[in-house]
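Here's a quick briefing to read alongside the model. Have the sequence and the 3D view open, and follow along topic by topic.

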Number of protein chains: 2
Amino acid sequence: MKHDLKAKNILKSAMLYCTKPRNDILKVLIVAKTPLTQKQITEKLGKNQHNKTTIYRTLRTLAKKDLVHKAYIHKKASHFELAENCGKTRCHPHFTCSNCGKTICLTDISMPLIKGLKKGFVLQRQKLQLLGLCPDCSS
Amino acid sequence: MKHDLKAKNILKSAMLYCTKPRNDILKVLIVAKTPLTQKQITEKLGKNQHNKTTIYRTLRTLAKKDLVHKAYIHKKASHFELAENCGKTRCHPHFTCSNCGKTICLTDISMPLIKGLKKGFVLQRQKLQLLGLCPDCSS
DNA sequence: TATAATTTGCAACTTAGTTGCAATTTAAAA
DNA sequence: TTTTAAATTGCAACTAAGTTGCAAATTATA
Ligand SMILES: [Zn+2]
Ligand SMILES: [Zn+2]
Ligand SMILES: [Zn+2]
Ligand SMILES: [Zn+2]
């Protein structure tokens with residue numbers, strides 16, 4: 001149960017109550033390869049079902065501690081992922097296929113931080129969203 | 001009625017029926033300084049009210065012709081703007097204040113196009129979203 | 001003016017996400 | 001271990017953005 005331990009540690013380090021819903025949801029996010037919606041998390045929870053309110057609240061709690069990011073919104077649904085592949089103020093880019101809807105995390109491509117922000121602006125997070133055709137749909 | 005003429009020309013160039021709803025909605029977008037939601041467009045329409053379905057359909061029609069962009073989503077609501085301040089595949093960045101919710105169009109700041117996309121990916125549009133504190137909220 | 005094609009308005013619907021509250025669970029003290 | 005206070009959960013009811021089907025109205029063209 002390597003992921004179970006990791007989930008527990010994440011919660012402990014963030015000084016959060018270690019509950020079964022949080023643990024289960026974190027484990028789903030740990031093994032996920034792309035950001036997930038509440039619905040997708042519910043599907044992946046399998047027999048460890050939890051109320052959708054609990055899932056939304058857990059995601060918000062984890063996001064407040066910057067452990068989870070709302071990566072992007074697609075078809076009205078927010079997609080969440082662990083923050084571990086993002087920098088302090090910069091997230092990795094996400095490429096969404098306008099044909100099939102699939103999204104790919106570009107964890108190996110980085111964009112420079114924006115330059116030239118006028119005085120007074122404090123940047124907390126930079127997100128890059130790419131739309132286009134994925135390899136499957138462009139051939 | 002300079003804006004009226006501009007709206008008419010936009011519709012004509014795109015080979016779209018020139019109807020009163022489309023004209024009115026376009027005029028609102030022409031004078032807007034930031035992206036607007038359907039609700040905000042309705043407010044700015046004043047006495048030229050149109051059904052919300054019509055507004056959504058008009059926005060979709062204009063977006064299909066790349067005259068309008070869904071710039072970003074904030075608090076579950078899509079925000080639309082004219083595409084005229086965006087490049088062919090690159091939109092100008094948007095800075096949203098996490099404190100007051102205000103959004104600023106950074107039309108004078110440009111980010112390089114992403115490099116290093118793997119073979120097969122076809123980029124259609126690049127969007128940059130910035131979150132942080134605006135000058136009013138950072139002092 | 002007549003005609004065909006397109007667009008509009010309405011009402012009903014879908015669905016992501018939120019809220020209040022009572023019941024349950026957690027963590028830490030006794 | 002038992003007790004206790006604080007935090008979390010589940011439920012049902014709700015909010016609100018956006019969509020759909022269809023009849024009526026409008027547009028462009030001849
Ligand atoms: Zn695709
Ligand atoms: Zn990602
Ligand atoms: Zn602000
Ligand atoms: Zn803008």
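DNA strand C has 21 protein residues around it, the closest being Ser78(A), Thr19(B), Arg22(B), Thr54(B) and Arg57(B); a residue counts as near a strand if one of its heavy atoms lies within 4 Å of it. This is a predicted model, where local features need pLDDT of at least 70, side-chain atom pairs count only at pLDDT 80 or more, and totals for chains, interfaces and linings use all residues. Side-chain values use heavy atoms, with hydrogens and water left out, residues are numbered from 1 along each chain as its sequence is written, and chains are lettered from A and ligands numbered from 1 in the order in which they are written.

**DNA strand C**

- Of the strand C atoms that come within 4 Å of the protein, 60% belong to sugar and phosphate.
- Chain A reaches the phosphates in two ways, among them a polar backbone atom of Cys18(A) at 3.0 Å from a phosphate oxygen and a polar side-chain atom of Ser78(A) at 2.8 Å from a phosphate oxygen.
- From chain B, a side-chain N or O atom of Arg22(B) sits 2.9 Å from a phosphate oxygen of strand C. For reference, a polar contact is a pair of N or O atoms within 3.5 Å; within protein, one must be able to donate a hydrogen and the other to accept it, and residues adjacent in sequence count only if both atoms are side-chain atoms.
- Which elements give two or more residues to this surface? They are H4 and E2 of chain A, plus helix H2 (20-31) and H4 of chain B. Helices (H or I, at least four residues) and strands (E, at least two) are DSSP runs, numbered from the N terminus.
- H4(A) makes the largest contribution to the surface near strand C, with 5 residues.
- By class, the surface near strand C has 6 nonpolar, 8 polar and 7 charged residues. Here Ala, Val, Leu, Ile, Met, Phe, Trp, Tyr, Cys and Pro count as nonpolar, Asp, Glu, Lys and Arg as charged, and the others, Gly among them, as polar.

**DNA strand D**

- Strand D is surrounded by 22 residues, and the closest are Thr19(A), Arg22(A), Thr54(A), Arg57(A) and Ser78(B).
- Sugar and phosphate make up 63% of the strand D atoms that come within 4 Å of the protein.
- Arg22(A) puts a polar side-chain atom 2.7 Å from a phosphate oxygen of strand D, while Ser78(B) gets a backbone N or O atom to 2.8 Å from a phosphate oxygen.
- Tyr17(A) goes for another kind of atom: a polar side-chain atom lies 3.4 Å from a sugar or linking oxygen of strand D.
- At least two residues each come from helix H2 (20-31) and helix H4 (52-64) of chain A, and from helix H4 (52-64) and strand E2 (77-82) of chain B.
- The largest share of the surface near strand D is 5 residues from H4(B).
- Sorted by class, the surface near strand D holds 6 nonpolar, 8 polar and 8 charged residues.

**Where chains A and B meet**

- The contact (heavy atoms within 4.5 Å) draws 33 residues from chain A and 33 residues from chain B.
- Together the two chains bury about 2,700 Å², 68% of it on carbon and sulfur atoms. Buried area is the accessible area (1.4 Å probe) that two parts lose on being put together, summed over both.
- E5(A) and strand E5 (residues 122-133) of chain B pair antiparallel over 11 bridges, where pairing takes at least two DSSP bridges between the strands.
- In that pairing, Leu123(A) is matched with Gly132(B), and Leu128(A) with Leu128(B).
- There are 2 salt bridges between the chains, each a side-chain nitrogen of Lys or Arg within 4 Å of a carboxyl oxygen of Asp or Glu.
- One salt bridge joins Asp108(B) and Lys118(A) at 3.2 Å, N to O.

**Chain A on its own**

- Chain A has 5 helices and 5 strands, running α-α-α-α-β-β-β-β-β-α from the N terminus.
- E3(A) and E5(A) run parallel and are joined by 4 bridges; His94(A) has Gln129(A) as its bridge partner in E5(A).
- Lys6(A) and Glu84(A) form a salt bridge (3.2 Å, N to O). This pair links distant parts of the chain, 78 residues apart, with Lys6(A) in helix H1 and Glu84(A) in the loop between strands E2 and E3.
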